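Reader: I've got a new model to look through and would like a guided tour. Put it up, and I'll fire off questions as they come.

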Amino acid sequence: MADSTITVEDIEGELFRIERIRDILVRRESELRYMMDDIQLCKEITRLKQELQKLVSIPDKDKSKEDREREEKLLQQINKLVETRDFLVDDVEFERLREREEDREMAAFLQSKFPKALAAKASGASQDQKVAFKSQQTSAPLLTKTSLTLLKDCCGFTCSVM
């Protein structure tokens with residue numbers, strides 16, 4: 001039998017907390033996918049740059065027509081990958097802003113739906129609420145650091161792409 005001290009509001013509150021944790025995990029998965037795509041792009045750009053560097057090191061008088069064509073093709077490929085990466089960085093920033101807006105909307109909704117529960121939570125959170133809050137706290141720095149910042153860092157100081 002169900003515990004008679006649990007109210008419908010308690011159940012709804014727990015469902016919202018579970019939903020919030022699920023959203024955090026979905027966001028983290030999305031960020032990891034962005035990071036994987038970024039790493040692949042950086043690796044490919046680096047590989048192409050190394051190949052281009054070998055061709056550039058050949059004196060112009062010793063280059064064949066194929067070498068010049070390959071140089072041009074490599075430059076085009078690198079440019080295309082850099083544009084793709086720029087799009088990826090823009091997409092990550094858009095997602096970050098969208099998620100921030102979702103968080104604001106959810107906070108406003110929860111405040112309107114559960115004003116008493118949120119007031120009680122502010123005065124003395126239960127162990128379950130502390131765990132949910134801690135999971136959100138743990139994820140927040142990761143979300144910030146792994147989104148736009150890491151993508152920009154990749155081709156700035158730590159990556160030889162740019």
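Reader: Let's start with a ring. Is Phe16 buried or partly exposed, and what is its relative accessible area?

Author: Quick ground rules: this is a predicted model, so local features need pLDDT (the predictor's confidence in each residue, from 0 to 100) of at least 70 and side-chain atom pairs count only at pLDDT 80 or more, while totals for chains, interfaces and linings use all residues. Residues are numbered from 1 along each chain as its sequence is written, and side-chain values use heavy atoms, leaving out hydrogens and water. Buried means under 20% relative accessible area and exposed over 50%, with partly exposed in between (1.4 Å probe, protein chains only). Phe16 therefore counts as partly exposed, with a relative accessible area of 24%.

Reader: Which residue forms an aromatic pair with Phe16?

Author: A search of the whole structure turns up one aromatic pair, where a pair means rings of Phe, Tyr and Trp (its six-membered ring) with centres within 6.5 Å, called stacked if the planes are under 30 degrees apart, edge-to-face if over 60 and tilted for the rest. This one is edge-to-face, at 5.3 Å centre to centre and 65 degrees between the planes. The pair ties together parts that are 93 residues apart in sequence, because Phe16 sits in helix α1 and its partner in helix α2. That partner is Phe109.

Reader: And what is the relative accessible area of Phe109?

Author: Partly exposed is the band between the buried and exposed cut-offs. Phe109 lands in that band, with a relative accessible area of 35%.

Reader: Stepping back, in what order do the secondary structure elements run?

Author: Helices (H or I, at least four residues) and strands (E, at least two) are taken from DSSP runs and numbered from the N terminus. The protein chain has four helices and zero strands. From the N terminus on, the order reads α-α-α-α.

Reader: Which stretch should I note for its pLDDT below 50?

Author: Averaged over the protein chain, pLDDT is 77, and 69% of the residues score at least 70. The stretch below 50 has 47 contacts in the model beyond near neighbours in sequence, a contact being heavy atoms within 4.5 Å. You'll find it over residues 123–158.

Reader: Which residue in helix α1 forms a salt bridge with Glu102 in helix α2?

Author: A salt bridge here is a side-chain nitrogen of Lys or Arg within 4 Å of a carboxyl oxygen of Asp or Glu, and the count comes to 19. In this one, the closest N and O atoms are 3.1 Å apart, and it links residues 75 apart, with Glu102 in helix α2 (residues 65–113). Glu102 is partly exposed at 33% relative accessibility, whereas its partner is buried at 7%. The partner is Arg27.

Reader: How far apart along helix α2 are Glu95 and Arg98, in helical turns?

Author: Glu95 is buried at 18%, while Arg98 is partly exposed at 32%. Salt bridges that share partners join these two with Arg20, Arg27, Glu102 and Asp103 into one network. The closest N and O atoms of Glu95 and Arg98 are 2.6 Å apart. Because the two are three residues apart in helix α2, their separation is about one helical turn.

Reader: Is Lys63 buried or exposed?

Author: Lys63 sits in the loop between α1 and α2. Leaving out residues up to four places away in sequence, Lys63 touches Leu55, Val56, Ile58, Arg68 and Glu71. With 10% relative accessibility, Lys63 counts as buried.

Reader: Last one: how much accessible area does the nonpolar patch with Ile6 have?

Author: Patches take residues with over 30% relative accessible area and no salt bridge, joining like charges within 9 Å and nonpolar side chains (Val, Leu, Ile, Met, Phe, Trp, Tyr) within 5 Å. Ile6, in the segment before α1 (8–56), is partly exposed at 46%. Areas come from the Shrake-Rupley method with a 1.4 Å probe, and for residues only the protein chains shown count as cover. Together, Ile6, Ile11, Leu15 and Ile18 have about 380 Å².
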